[in-house]
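Student: Please pick one part of this model and go through it closely. After that, place it in the rest of the chain, with the numbers.

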Amino acid sequence: MKLGKQPAAPTPTDFKFSEFAAEIKLPSMPSRFGHGNAYADWKMLGNDQYGDCVWAGAAHEHMLLNKVVHQVDVSFDDDTVLGDYSAATGFDRNDPGSDKGTNVHDALDYRRKVGVADASGKRHQIGAYVSLDPKNWQHLEQAAYIFGAVGIGFEFPASAMDQFRSGEPWEPVDGSHIEGGHYVPVVGSLHAPDQASAITWGKRQFFSRSFYEKYNDEAWAYITPEELHGDGKGLHGFDMEKLNAYLTALRN
């Protein structure tokens with residue numbers, strides 16, 4: 001299993017989830033929700049050999065939204081995911097020194113302007129994206145419910161790899177050495193109080209609130225056409241077109 005998220009690099013112009021959450025009425029949220037079982041096998045997408053977790057996570061997000069909102073299976077494979085990793089960062093499979101991971105901010109810009117390619121060559125783009133307070137658990141749950149997935153980036157302790165291999169939830173372990181940065185899409189809040197689920201290395205992984213608050217350093221939600229039903233509403237009836245117009249106005 002490989003890591004590959006570079007340190008968080010926020011900018012003053014990032015849209016903040018907290019700002020529009022104060023302006024727009026958010027839907028009520030159930031205590032348990034999520035779509036981590038949408039696929040029995042989420043696929044590694046190269047992340048067992050290379051540090052492309054940011055791009056594997058992007059593919060998993062588009063797989064989930066198409067499956068849940070439109071009942072369409074969208075397939076990604078190692079070559080297409082690594083192709084976008086290469087295009088965005090200069091990664092070369094023949095040069096191990098080029099496998100330096102990805103700045104998530106740069107990846108989001110690429111996903112908005114270019115989009116990530118699936119196995120058929122079709123590109124999947126995102127629109128506006130918003131930054132969450134990386135330590136705010138309530139906002140993480142709200143955004144995961146509204147948007148279907150939230151991409152988070154965190155410092156990855158060695159203990160988390162042991163927990164993953166043992167099939168255990170990620171919990172903080174004092175003194176565990178930080179091995180690097182990792183990116184995963186959060187896809188639900190369920191299983192136990194103060195616990196959420198994410199997709200990484202081909203399967204669903206649970207993690208605790210305390211793990212998130214200790215190690216997380218960035219979190220992102222984004223609007224894509226794949227989130228929208230025909231009426232412009234999102235997964236749970238939230239008016240995503242209205243939100244998109246609001247964010248576009250802010251950008252302009």
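Tutor: Take helix α6, residues 158-165, whose buried residues are S159, A160, M161, Q163 and F164. The model is a predicted one, so every value below is computed from predicted coordinates. The buried residues of α6 pack against strands β6, β8 and β9 and against helix α7, which covers residues 209-215. Just after α6, G167 takes a positive phi of about 70 degrees.

One of the buried residues of α6, F164, also belongs to an aromatic cluster. The cluster consists of F154, F156, F164, W170, W201, F211 and Y215. The aromatic side chains are a convenient route from α6 to the rest of the chain. A pair of aromatic rings is described by the distance of the centres and the angle of the planes. With ring centres required to lie within 6.5 Å, the count comes to 17 aromatic pairs.

One of these pairs joins Y129 and W220 in an edge-to-face arrangement, with 5.7 Å from centre to centre and 75 degrees between the planes. Y129 is in strand β5 (residues 129-132) and W220 is in strand β10 (residues 216-222), so this pair ties together parts that are 91 residues apart in sequence. Buried here means under 20% relative accessible area. Y129 has a relative accessible area of 11% and is therefore buried, and W220, at 3% relative accessibility, also counts as buried.

A second edge-to-face pair is made by F156 and W201, again with 5.7 Å from centre to centre, but with 85 degrees between the planes. This pair links distant parts of the chain: F156 belongs to strand β6 (residues 150-157), while W201 sits in the loop between β8 (195-200) and β9 (203-208), 45 residues apart. F156 has 1% relative accessibility and so counts as buried. W201 is buried as well, with a relative accessible area of 5%. Both F156 and W201 are members of the aromatic cluster that contains F164. The backbone at W201 deserves a check too: phi of W201 is near 45 degrees, a positive value in a residue other than glycine.

Q71 offers a second positive phi in a residue other than glycine, with a value near 55 degrees. Q71 lies in the loop between α2 and α3. Whereas W201 is buried at 5%, Q71 is exposed, with a relative accessible area of 62%.

The helices on either side of that loop can be described as a pair. The axes of α2 (residues 53-70) and α3 (residues 78-89) come within 9 Å and cross at roughly 130 degrees. Angles of 65 to 115 degrees count as roughly perpendicular and those over 145 as roughly antiparallel, and α2 and α3 are therefore oblique to each other. Their crossing is right-handed. On the α2 side, W55, A56 and A59 make the contact, and they meet V81, D84, Y85, A88 and T89 in α3. Sorted by class, the residues in this contact are 6 nonpolar, 1 polar and 1 charged.

W55 also connects α2 to helix α4. A107, which is found in α4 (residues 104-113), touches V54, W55 and T102, not counting residues up to four places away in sequence. A107 is buried, with a relative accessible area of 2%. From A107 to A58 the distance is 9.1 Å, C-alpha to C-alpha, while the two are 49 residues apart in sequence.

A further buried position is H139, found in helix α5 (residues 137-147). H139 counts as buried at 14% relative accessibility. Leaving aside neighbours within four places in sequence, H139 is in contact with F17, S18 and L132. Of these, L132 falls in β5, the strand that contains Y129.

For the whole chain, there are 8 helices and 10 strands. Of the 252 residues, 52% count as buried. Among contacts between residues at least 6 apart in sequence, 71% join residues at least 24 apart. The pair of F156 and W201, at 45 residues apart, and the pair of Y129 and W220, at 91 residues apart, are examples of links across such separations.

Conventions:
Residues are numbered from 1 along each chain as its sequence is written. This is a predicted model: local features need pLDDT of at least 70, side-chain atom pairs count only at pLDDT 80 or more; totals for chains, interfaces and linings use all residues. Side-chain values use heavy atoms; hydrogens and water are left out. Axes are lines fitted to C-alpha atoms, for helices over the stretch in contact, and angles run from 0 to 180 degrees between N-to-C directions. Helices (H or I, at least four residues) and strands (E, at least two) are DSSP runs, numbered from the N terminus. Angles under 35 degrees count as roughly parallel, over 145 as roughly antiparallel, 65 to 115 as roughly perpendicular and the rest as oblique. A crossing is left-handed if the near helix is turned anticlockwise from the far one by less than a right angle, and right-handed if clockwise. Contact means heavy atoms within 4.5 Å. Ala, Val, Leu, Ile, Met, Phe, Trp, Tyr, Cys and Pro count as nonpolar, Asp, Glu, Lys and Arg as charged, and the others, Gly among them, as polar. Rings of Phe, Tyr and Trp (its six-membered ring) pair if their centres lie within 6.5 Å; planes under 30 degrees apart count as stacked, over 60 as edge-to-face and the rest as tilted. Buried means under 20% relative accessible area, exposed over 50%, partly exposed in between (1.4 Å probe, protein chains only).
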